[in-house]
Each structure stands twice: as C-alpha cells, then as structure tokens.
Amino acid sequence: MLGQSAVEPLDELYRRFGPAINRRARSMLRDDEEALDVTQDTFLDFMRGAASLRGQASAFTVLYQIATHKAVDRLRKSSRWSGVLGSLEVQEESPEPSAAWTTSHQGGLPRVEALRDLAILTEGEAPEVLTAAVLYFVEGYTLDEVAQTLDLSRKTLSTLLRQFADRARQRSLRLGRGGKR
C-alpha cells in the first residue's frame, strides 16, 4: 500500500525499484540517457506527489505508471502518426497462441511505431489509462496481467480500455484524414 511506502525513504525506494523503472523506460525509449532521465524524473515526481496519490496503489505501481507516462510523453514530442497501431480491440478472452489477433509486442520497428502512435493517441489521458493501453495494445499483456500490474479489477480494466479505445479510434480517424502531427 502506498501509505506504508510513503514513509519509506526515497533512497530505499530507488534502490528497490530503480532498476526495474529504468528497464521500463529503456524498453520504451531505446535510449539509455533518455531512460536515465525518465527514471530520475519519475522518482522526483513520486517524491513531490506522494501525499496526493491514491492510497490503494503500491509504490511500484505508481512509479511504473509515472515512468510509462513520462516515456510516452517524450515519444509523443517527436512522433508522427504512422497508422500501424492496429484496431484497438479489447478481447475479453485470452487469445489462443494461433489466433490471428496480434499486438506489436513481438518487438522491432512495428513495436516502436505502434508505441509512437499510441503516444499520440493518449495525449491528455490519465497515467493509469496510458499505462494500461501501452501494456495491453503494444506490449501484448493479457487483461489479467494488466489488471494485476495496475492493481485493478479485470472488469474495471476492461471498461477503462474500451472507453480509451473508443476515444483513440476517433482521434486516429482525424489523424488519418490529414491531421498528422
């Protein structure tokens, strides 16, 4: 719980969670220096806002969301719409390994382009929505895995992702009609 972690010294939190937060930023940004900046900014923001954060989230969950938001924000600043993200469909059932549905989690350039598209589509979204969208639509986590990572119920997560997907589809249509950034 955050209430317990809020009293934990920042240097201890950094020792415990810093490597994982840095890996998160590095996997999204593909740049060690940028990832280090995001990691440090994440812990600074956590320290500044610890008192106002929701009481049910673990310190790691909050740090993970902040890092994801900061990394996507950096990507957003240099991104142009490519249209490779996909259909943004939320599947209630876990896809079979042989299913035709794919995300960009296989890696490489499609993953990077999809993450950049998502960065554009998530502008103005809450950090929790942004993190859920990245984990589900880009990295290929299942609904159960995302729900567990973000300390949400599966039903709440499904609703959150569906609402986001509706907003993102509308925005992608506008971007596809010549409104490229």
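This is a guided tour of a predicted model, moving from the whole chain to selected helices, loops and side chains.

Because the model is predicted, local features need pLDDT of at least 70 and side-chain atom pairs count only at pLDDT 80 or more, whereas totals for chains, interfaces and linings use all residues. Residues are numbered from 1 along each chain as its sequence is written, and side-chain values use heavy atoms, with hydrogens and water left out.

**The whole chain**

Begin with the chain in cartoon view, where there are eight helices and zero strands, helices being DSSP runs of H or I with at least four residues and strands runs of E with at least two, numbered from the N terminus. Along the sequence the pattern reads α-α-α-α-α-α-α-α. Of the 181 residues, 44% count as buried, a term that means under 20% relative accessible area, while exposed means over 50% and partly exposed lies in between (1.4 Å probe, protein chains only). If you display the surface, the accessible area of the chain comes to about 9500 Å², with 50% of it belonging to carbon and sulfur atoms; such areas come from the Shrake-Rupley method with a 1.4 Å probe, and for residues only the protein chains shown count as cover. Among contacts (heavy atoms within 4.5 Å) between residues at least 6 apart in sequence, 76% join residues at least 24 apart.

**Aromatic rings on H2 and H4**

Next, show the aromatic side chains, among which a search of the whole structure finds five aromatic pairs. Rings of Phe, Tyr and Trp (its six-membered ring) pair if their centres lie within 6.5 Å, and planes under 30 degrees apart count as stacked, over 60 as edge-to-face and the rest as tilted. Select Phe17 and Phe60, whose ring centres are 5.4 Å apart with planes at 50°, so this pair is tilted. Phe17 lies in helix H2 (residues 10-29) and Phe60 in helix H4 (residues 59-77), so the pair ties together parts that are 43 residues apart in sequence. Phe17 is buried at 14% relative accessibility, whereas Phe60 is partly exposed, at 26%.

Keep Phe60 selected and add Tyr64, which forms another tilted pair with Phe60, at 5.7 Å centre to centre and 45° between the planes. Both residues of this pair lie in helix H4, four residues apart, about one turn of the helix. Tyr64 counts as buried, with 8% relative accessibility. Phe17, Phe60 and Tyr64 together form one aromatic cluster.

**From H4 across to H6**

Tyr64 also leads to the next stop, the packing of H4 against helix H6 (residues 127-138), where the angle is about 80° and the axes are 9 Å apart. The axes are lines fitted to C-alpha atoms, for helices over the stretch in contact, and angles run from 0 to 180 degrees between N-to-C directions. H4 is therefore roughly perpendicular to H6, given that angles of 65 to 115 degrees count as roughly perpendicular, under 35 as roughly parallel, over 145 as roughly antiparallel and the rest as oblique.

To see the contact itself, select Tyr64, Gln65, Thr68, His69, Val72 and Arg76 in H4, which meet Pro127, Glu128, Leu130, Thr131, Val134 and Leu135 in H6. These contact residues divide into six nonpolar, four polar and two charged, where Ala, Val, Leu, Ile, Met, Phe, Trp, Tyr, Cys and Pro count as nonpolar, Asp, Glu, Lys and Arg as charged, and the others, Gly among them, as polar.

**Helix H8**

Move now to Leu160, which is placed in helix H8 and is buried at 13% relative accessibility. Leaving aside residues up to four places away in sequence, Leu160 touches Glu128, Val129 and Ala132. The C-alpha atoms of Leu160 and Val129 are 6.9 Å apart in space, although the two residues are 31 residues apart in sequence.

Then select Ala168, also in helix H8 (residues 154-176), which is buried with a relative accessible area of 1%. Its C-alpha atom is separated by 9.2 Å from that of Ile120, 48 residues apart along the chain.

**Two loop residues with positive phi**

Finish in the loops. Arg30, in the loop between H2 and helix H3 (32-49), has a positive phi of about 60° although it is not a glycine, and at 53% relative accessibility Arg30 counts as exposed. Asp151, in the loop between helix H7 (143-149) and H8, likewise has a positive phi, near 55°, in a residue other than glycine, and Asp151 is partly exposed, with a relative accessible area of 39%.
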